[in-house]
Amino acid sequence: MRLRDLGLAVGDLPAGPLNTVTDVAGVRVGHARGAMGGITLVLPFTGAPRRYYAGRWSLDGGDETTGLAMLEDFGALSAPIALAPAPALGRVYDGLLDYGFQQDSGLGEDHGWPPVVLAVDGVPVPAVSLHASLGAGQVAAALSTATGGAVGEGQVGVGTLLSGFGVRAGIGCSSRIGRAGTVGVLVATNGGEPHRLALNGVPIGRWLADLAPLPVSYRRSFAAVLITDAPLLPAQLNRLAQRAAFGLVRVGLLDERTVSGTMLAVSTTGLNDAMAGLAPETVTARPTTEAVLHDLFAAGADACEEAVLNALVAAHNQNTNVDGVPGLPVDAFRAAAQ
Amino acid sequence: MTGSLSADELTRRRFLGLSLTAAVLPALACAPGTTSSHARDAGARARLRDLGIVIGDLPPGPFNAITDVPGVGVGQTTLIHGHGPLVVGKGPVRTGVTAILPRPDLPWRRPVYAADLTINGNGEFTGLGPVRRTGLLGGPILLTDTGSVGRVHDGGVQWALARDADAFAGPVRPDPVVGETWADYLNDTIGRHVGSVEVARALTSAASGPVAEGCVGGGTGMRAFQFKAGIGTSSRLIPAGKEDAEGTWHVGVLVQANFATRYQLLVNGVPVGREIVDLLPERGAKTEVPTGNSLLIVIATDAPLLPVQLQRLCRRAALGMARTGAVSTHGSGDLAIAFSTGNEAGPTAAESLQVLHTSRMTWLHKGVVEATEEAILNSLTAATTMVGRDGNTIHALPLDRLMDVMQLYGRAG
């Protein structure tokens, strides 16, 4: 179940056909679970890896993120993007190296290296167990099942056992069609206080009085991946990542208790057209005007806001009451929103 | 360890200019194949300063190493085994891991202020997000080869969890800072031979004292200026206080050098790389000119610096790198991280801290530039010729010829 199945939606911009991150052509998503927790992969390219422009915004500097040196210096990456709990980061990284070596035994920067792993932490199980249950097997499983089309939401992949706003949360997706292109987002939703939950500015959480806040010690850490087919340059993708986070503030996920959060923004149009060994002397860049950028910023923010709500709605009947965490009371939620 | 080699073989190899280390490689094939030490490598040849070549004018500390910063420990595990054609997963193996611990304590329990700098981004340092966000380093620094990053990171996590199952639950977490350079010319990169056992051994053996240089630890399979290189270190004593006061701060640098092209090499300003143009790497029997790739720089100081000041030190490390002639190519992962042990930081911080006055930074800048330059050159003078996968060979910088060139330019010391 998704937010729109409740007759609700965020904002006025049109969503893509599936209202998910894969509305951007060529994007694939794969989820895999271990004995505890899971991982999620987002592949911004079709087939073999191709270099893509990327940008990042993080709260205060973010959480553990690999590939950071290349992302910030080159403004480009070429690997699948993995979301995983920090204790398993090295094991997931190693699994992505399996994939990288398959593409190019020389680990070329255009062919899947360096691995990109964004840490998402909040799963309330011991780090020792979480560490042991995730690794190259989950990476291989997520790669082999990664697909376009509908994307699993809620308690799937890295979203497994994540909570937010006092209820089960996890993976949520959404998309918007702007003037310059489509923006698709995937948010690993985790954290947020019940009384802050809002939809289109309506403070729904205040009317859902039964929701208990997450424990103070609960690690409020999230990560989001934004993908657009608009031909944005790296500095513009940094801005898209930052502005899209406004949607996470509006919905109440990003607040003063958030420990860390990373927004990674990617364009599927641009540098990759010229790479993969062709390496001409120059590549084409298409400057985007401020007006068009602002339209994309709005698309990203609205999609992020809806993605968080999609995560809560999807998870309302998944993994609930494990550790006493309930699912979102969808009827009360809908009533409050209307 | 040389028992299986005949006297004739040893003589022949010496005649050919191959080092003893290279000669014993076949003998090591079936041996345990790992060493772990913080003592001077038995095969090391000389340190730059022992040759009479002195970089700059600040004095080094007693070890002339990053371990001159009180509390800083270095431990290394070196993996050298196998020879002949590459068999992925078996070898030949020419790699290892170099561990740096800022203090003798568990890093997440007693973190240090830290900052990083990307000079060129075609490389990896994991763990930078938390460093940027908190200004604190709570995990070990681990240097290895490119293929081993994931497993070394995992080894760092296992080491932490074995000592503190709640390490990830605290305000400062043990995310390891794992850096890499590309040893593929000599090493079975795809086989990813460094794992949790090697990491634990390096971390457990981390101690103060002299630091082995050259073909050790993460630097085992590395090259610089197309000579054999690897780990190098140096330090400087920094005058502390006002002009009339006593005391010193320490600044130490450790590098994993795997970068630059021969003609660029400058030793104390002398264009050594334009004078010694032979002894290029040999792929099997064929000479070729591989270039690149990366330089990892770790800077430690006991001067009480905040992260913003530590980032200034990272920038000066780039100047030290430049003085060796390198330009930081597109394909290079030239990454620096700096930390200060001069204050308690994070959860153990006092209510107020004494921080070095900004006006005193120049001495430290100078110390970092000098120590970075000398650490890189030490990695060259310590490293021995190495034969690796497929018979690929990287030659050591010949010290006699180095001194001839220095003499020629009137800079022999």
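Two strands count as paired if DSSP finds at least two bridges between them. In this predicted model, that rule yields an open sheet of four strands in chain A, ordered β1-β2-β5-β6, with mixed pairing. The edges are β1 (28–33) and β6 (116–119) of chain A, each pairing on one side only. From one strand to the next, the twist averages 20 degrees.

Inside this sheet, β2 (residues 38–43) and β5 (residues 81–84) of chain A run antiparallel, joined by three bridges. L41(A) has A82(A) in β5(A) as its bridge partner.

Helices lie across the chain A strands. Helix α2 (residues 89–103) of chain A crosses β2, β5 and β6 of chain A, at about 160 degrees to β6(A). Helix α4 (residues 136–145) of chain A lies across β1 and β2 of chain A, at about 145 degrees to β1(A).

Helix α6 (residues 290–314) of chain A has 25 residues, and 21 of them are buried. At 1.5 Å a residue, α6(A) should span 36 Å; its end C-alpha atoms lie 35 Å apart, which agrees.

Now turn to chain B and strand β15 (residues 333–340). Eight of its eight residues are buried. In a regular strand, side chains alternate between the two faces of the sheet. In β15(B), G333(B), L335(B), I337(B) and F339(B) point one way; D334(B), A336(B), A338(B) and S340(B) point the other.

β15(B) has strand partners. Strand β4 (residues 112–121) of chain B pairs with β15(B) in the antiparallel sense over eight bridges, with G121(B) opposite G333(B). Strand β14 (residues 294–301) of chain B runs parallel to β15(B), joined by seven bridges. Here I297(B) has A336(B) as its bridge partner. With helix α8 (residues 307–323) of chain B, β14(B) and β15(B) make a right-handed β-α-β unit.

Conventions
Residues numbered from 1 in each chain as written. Chains lettered and ligands numbered in written order. Predicted model: local features only at pLDDT ≥ 70, side-chain atom pairs only at ≥ 80, totals over all residues. Heavy atoms only, no water. Helix = DSSP H or I, 4+ residues; strand = E, 2+ residues; numbered from the N terminus. Expected span 1.5 Å × (residues − 1). Buried < 20%, exposed > 50% of the residue type's maximum accessible area, 1.4 Å probe, protein only. Right-handed = clockwise from strand over helix to strand, strands pointing away. Axes fitted to C-alpha atoms, helices over the stretch in contact; angles between N-to-C directions. Contact = heavy atoms within 4.5 Å.
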